[in-house]
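Reader: Hello! Could you take me through one part of this model in detail? I would like to look at how two helices meet.

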Amino acid sequence: MNVSDIFDRHARNYDGERERLIPGFHDFYGVAVDVLTFEGDNPKVLDLGAGTGLLTEFLLKKYPNAEVELIDLADNMLDVARERFKDNPNISYRNENYLTAEFDGEYDIIMSSLSIHHLTQEEKGFLYEKYVNLLNDGGIFINADLVCDEDDSVERLFYKKVDDLILQNVSLEEFEQANERRKFDDTDSIQYQLDCLKESGCNMVGVPFKFYTHAVLWGQK
Ligand SMILES: C[S@@+](CC[C@H](N)C(=O)[O-])C[C@H]1O[C@@H](n2cnc3c(N)ncnc32)[C@H](O)[C@@H]1O
């Protein structure tokens with residue numbers, strides 16, 4: 001079983017459980033989109049590990065005319081997105097690995113939610129460099145993701161806090177299923193990832209949102 005198999009398998013009930021599994025769901029996705037700036041109303045956007053299109057849905061509330069490319073390894077997840085955006089001709093789909101996918105143009109916004117934490121630290125470094133290179137000057141990179149704390153005891157405490165919050169919303173069975181997916185997590189610290197963004201060419205970086213284990217990392221080229 002690999003990361004795309006596990007998401008392919010859960011694609012149909014993925015959206016229904018999200019709000020209950022992500023404490024602070026609306027602020028997490030809301031801030032990721034709120035912090036985006038673009039002059040005009042039709043930014044060219046790439047959503048890395050787009051899944052069922054949740055982050056794109058938030059983005060479209062702010063920029064209804066955005067032209068968005070969704071890329072994901074799990075085609076069943078993209079199928080949910082295809083259905084969600086079936087009336088929107090500005091959305092396109094690529095069932096590919098974003099580490100190896102090739103691109104021609106440049107983007108105003110490159111964004112990702114809850115996907116990059118599946119990569120190893122080395123792959124994260126590679127990904128930030130690859131995609132900051134694909135941004136227009138002034139373009140924005142957003143990663144709304146799970147992060148780890150550099151101090152293991154703090155990390156354990158924060159995970160426990162989040163688990164307690166989640167267990168108020170889901171059955172033990174749902175909780176255990178979600179935990180199965182954690183086997184594919186490989187979180188890294190906020191500082192490491194901000195350094196990657198800077199070294200890749202972002203002039204400004206920051207963290208507009210953090211709640212225990214979840215953070216929004218932002219960089220502007
Ligand atoms: C937890 S889901 C997040 C989906 C969506 N962004 C959201 O916020 O709900 C993670 C997604 O990342 C995708 N993914 C993981 N590694 C990937 C890679 N290397 N290339 C493309 N997609 C990847 C998985 O297939 C999965 O659909």
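Which residues in helix 5 meet which residues in helix 8?

Author: Happy to help, and please keep in mind that this is a predicted model. On the helix 5 side, the residues are Q121, K124, G125, Y128 and V132. They meet Y192, Q193, C196 and L197 in helix 8. By character, the residues of this contact divide into 5 nonpolar, 3 polar and 1 charged.

Two packed helices are described by the angle between their axes and the distance between the axes. Here helix 5 spans residues 121-133 and helix 8 spans residues 190-199. Their axes come within 9 Å and cross at roughly 35 degrees, and the crossing is right-handed.

While you have the model open, helix 1 also deserves a look. Helix 1 bends by about 75 degrees at A11. Its 19 residues would reach 27 Å as a straight helix at 1.5 Å a residue, but its end C-alpha atoms are only 18 Å apart.

Helix 1 also gives the most to the shell around the ligand, with 3 residues. In total, 20 residues surround the ligand, and G49, G51, A74, S113 and S115 are the closest. Helix 1 (3-21) and helix 3 (54-62) are the elements that give two or more residues to that shell. The shell divides into 12 nonpolar, 7 polar and 1 charged residues.

Key
Residues are numbered from 1 along each chain as its sequence is written. This is a predicted model: local features need pLDDT of at least 70, side-chain atom pairs count only at pLDDT 80 or more; totals for chains, interfaces and linings use all residues. A residue is near a molecule or strand if its C-beta atom, placed from the backbone, lies within 6 Å of it. Helices (H or I, at least four residues) and strands (E, at least two) are DSSP runs, numbered from the N terminus. Ala, Val, Leu, Ile, Met, Phe, Trp, Tyr, Cys and Pro count as nonpolar, Asp, Glu, Lys and Arg as charged, and the others, Gly among them, as polar. Axes are lines fitted to C-alpha atoms, for helices over the stretch in contact, and angles run from 0 to 180 degrees between N-to-C directions. A crossing is left-handed if the near helix is turned anticlockwise from the far one by less than a right angle, and right-handed if clockwise. Two residues are in contact if their C-beta atoms, placed from the backbone, lie within 7 Å. The expected span of a helix is 1.5 Å times one less than its number of residues. The bend at a residue is the angle between axes fitted to the seven residues ending there and the seven starting there.
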